[in-house]
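Biologist: I am new to this structure and would like a close look at a single part, the nonpolar core. Please take me through what surrounds the core as well.

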Amino acid sequence: MSTTAVPDVAVAAVDEGFWTRPRKVGAVLLALGVLATVLFGALATGQQARFTLSETEGGAALEIQGTLGAILFGVVAAGAGGALLAGVPKRWFTLVLGVGLVAFVLSFLCWQVSAAPEGRNFMPMVNIVRGTFVLALPLIFGALAGVLCERSGVVNVAIEGQLLMGAFSGALFGSLSGNVWVGLVAAAVGGAFISLLLAVFAIRYLVDQVVMGVVLNLLAVGVTGFLYERLMQTDADKYNSAPRFGNWEIPLLKDIPLLGPALFRGNIFLYLGLLLVLVIHLALFRTRWGLRTRSVGEHPTAADTLGVKVLSLRYRNVLLAGVVAGIGGASYTLALYSFTKNMIGGKGFIALAALIFGRWSPTGALLAALFFGFADQLATYLGAIGSSIPNQFLAMLPYLATILAVAGLVGRVRAPAADGKPYVKG
Amino acid sequence: MSNPNPVSGSPDKEPATEAELALTGKADRGATMTSPKQSAPGPRPTLGRLFLDNLWAANTVTVTVLALVLAMLVGAVLIIVSDPDVLATYGYITARPTDALNASWTVVSEAYANLFKGAVFDPEASGFTAALSPISETLTYTAPLVFTGLSVALAFRGGLFNIGAQGQATMGVILAAVAGFALPLPPVVHLVVALIAGAAGGAVWGFVPGILKARTGAHEVINTIMLNYVAVYFLSWIIVQNGVQNPDRADAISRPVDSSAALPRLLGDNLRVHAGILLAVLATWAIAWLLNRSTLGFELRAVGANPDAARTAGISVTKTYVLVMVIAGMLAGLGGSQMVLGSTANALTPLVIAQIGFDGILVALLGRVKPWGVLLAALLFGALQAGGNRMQSYSGISLELVTVLQALIVIFIAAPALVKAIFQLRAARAARLQTSLAKGW
């Protein structure tokens, strides 16, 4: 991050002596584990914490006594932290860290679920997993749009605007035509329209890309809000009643316990999003286009020397990003809700965070998006069981996690070298 | 083809900002060294001739005015396409073109006339209060925008992009409001304490990205965006806490600020303009002094232009980044405070600060990141806001159109090359038109 601007201060975070990064992470994890053991253990009740593998209270369930679970998982987390602190082989680092973090979350859940009122002390895992994916979906599309742009060297802060424009134009043209597929295409075009503005101003007129992104977001909010009030509010039947994609059940896969009902009975956007992660990942790292895109994002001059058309590749990728984000916007209006003013409500910025958290890779972005989606879903769930933790603080989680990530506490993140720098041939 | 900084300008004119100097200075100087004949003496033009020459050149004022015109044209198109009645007349435009043109003209001109009447002067208004009311409204909306605009502009000059003015203003409004209703203090002291509390709230929210940038290199754009949301959730949490929430209300609204902490109104109780606008002018002056006349201002501009060179020259980049963000946060916090201490509202609600932080970004860009430019830009935006209210209630044109106009103006400003191309302007004598300041991730 911005190491070019402040080289000396940024390098200061590099591992030195005993306190290598794994050790620091281990110390933090150990502290979290102890906190979980003591605090969550003390606050948890003797009630059972049930994690049911269905949508309701019934069915198969994993069950553990609250206090016991909170302490047990807390100790596991602390143990993982201690192992990292003592020093584990490098290849074990991610695994141990993962186990530690999951144990910490489980300890937290044991406390929360067991402290819920009698009769509500269960967590329907199918709902949680499904909700996580539903809430992560716009983030996945948005972060993929970011990957496409930023890997080729154009900063995309306009994800919010692209999602919003996609949602709006999907709703508008879907309603006018009465056809979901027309709506889907229109959504892609709407997202691409914002992208086009971004591309022209960033690539042709060399306007600062972050500034342009911020302004385009405001423009998208303004235009969609204006047309919403003028058209959709006055005649919702005509302009804001888009048909919706139904859920498609995938035979066989839908019967897998837990994952089946959560993942394989979704709508087209769910499948499309997951497919796009795979496709973009393969394309980026296994094809000629991907190699060129990455080279244009890291060192455009070198790429140009080798005959890659830097500007036209950037144009194409930015437009493609708009298409992807536009479809992401449609995952609201062509599947779940009708359009309302500013309905994306900051998801574009969380998508940006997911992109950074996922270190500019499609799979990383997917995992980050799922993590943010889970935090979001958890906030909803804890609100429903009357948790003592205000859900506003849970809602802050993705943002705080991102701040920690870019500050280098959860591993260093590095943007493509030429990200945000306009390329002028010469 | 698309050189944003035409080097045709005379070399002695300094570019608009130091950042620009850093970006283009080398090229400029190189060009002048190889072509010293550029400023060859010719017959001295008359003043009137110079004026006319400059009028259609791509200078700051011309580009700004033309950007406004372009934005209003796009706005007019939006008004027309979103009006089903007018749109219907376009169905038979080949048969009777006058119908379509008349209908379009009527709806657009009426909307913009109301915009003007709401913002500047209504010729049909009778009486002192009614005549001054539009100006009063404009100034009321201007005051907080000056603060958030200055906040963003100051950070820009230090080489930082403060997207967090929104969050800093949110923290400012929270602390100012809490100080405003929780502390039992005498009138003037109470107001001062509330303003200080607001500034402190903003300063803390500016300090965090500042110190992170300085210590770890974490990009301030990302951190300020994230902190904006953290502030929003904090606001929505604190409003409903005991002691903060209004005990007589079930919805999310805080207790009202005591009248002893309110900014005094300037023109009587019927006009909303309050002392915030005076504070805004004062702050503009102070920031102009800070930037151009103080040691800190010099260091700040040096760091903004080129942090490496500044460090070599013995300036502490770390300290400067932190200070810039703290001061920027204080300014935004003060801007936020006005939203409860002024006449807009007197209690916290989830939407109490509206969009002033994000609008501040636009204001700073439109004002070319100079303090007095920010003041003028805020005045324009305040006028658009005030006029937009009247346009909404009289012509039924949604207030969102104002957001569109504001964003479009700044887009056109940000790409002076585009405006130049559209209107075939000559290159300005001094190449001062480049808003590119931040440097990507």
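Modeller: Chain A of this predicted model has an average pLDDT of 86, and 95% of its residues score at least 70. The start of the chain is another matter: over residues 1–15 of chain A, pLDDT stays under 50. For that stretch the model has 28 contacts beyond four places in sequence.

Next, the division of chain A. The domain assignment splits chain A into domain 1, residues 7–115, and domain 2, residues 126–406. Taken over C-alpha atoms, the centres of domain 1 and domain 2 of chain A are 31 Å apart. Where these domains of chain A meet, four residues of domain 1 are in contact with six residues of domain 2. The domain 1 side of that meeting has one nonpolar, two polar and one charged residues.

Now the part you asked about. The largest nonpolar core has 282 residues. The members that touch the most other members are L144(A), A167(A), V215(A), V324(A), A354(A) and A414(B). Helix α5 of chain A, residues 125–151, gives the most to this core, with 17 residues. Both domain 1 and domain 2 of chain A take part, each with at least three residues in the core.

A167(A) can serve as a single example from that list. Leaving aside residues up to four places away in sequence, A167(A) touches A187(A), G329(A), A330(A), Y332(A), T333(A), F339(A), M343(A) and I344(A).

A414(B), also on the list, belongs to chain B, and that leads to the place where the chains meet. Here 50 residues of chain B are in contact with 52 residues of chain A. On the chain B side, the elements giving two or more residues are α8 (187–216), α9 (220–239), α13 (317–341), α14 (356–366), α16 (400–414) and α17 (416–423). Of these, α9(B) gives the most, with ten residues. By class, the chain B side has 34 nonpolar, 13 polar and three charged residues.

Chain B itself has 17 helices and zero strands. Of its 441 residues, 54% are buried. Among the contacts in chain B with a separation of 6 or more, 76% are between residues 24 or more positions apart.

To return to the core: α5 of chain A is the element that gives the most to it, and A414(B) is one of the members touching the most others.

Methods
Residues are numbered from 1 along each chain as its sequence is written. Chains are lettered from A and ligands numbered from 1 in the order in which they are written. This is a predicted model: local features need pLDDT of at least 70, side-chain atom pairs count only at pLDDT 80 or more; totals for chains, interfaces and linings use all residues. Domain bounds come from an automatic or database domain assignment. Two residues are in contact if their C-beta atoms, placed from the backbone, lie within 7 Å. Ala, Val, Leu, Ile, Met, Phe, Trp, Tyr, Cys and Pro count as nonpolar, Asp, Glu, Lys and Arg as charged, and the others, Gly among them, as polar. Helices (H or I, at least four residues) and strands (E, at least two) are DSSP runs, numbered from the N terminus. pLDDT is the predictor's confidence in each residue, from 0 to 100. A nonpolar core is a set of buried Ala, Val, Leu, Ile, Met, Phe, Trp, Tyr and Cys residues joined through C-beta atoms within 7 Å. A residue is buried if 20 or more other C-beta atoms lie within 10 Å of its own, exposed if 12 or fewer, and partly exposed in between; C-beta atoms are placed from the backbone.
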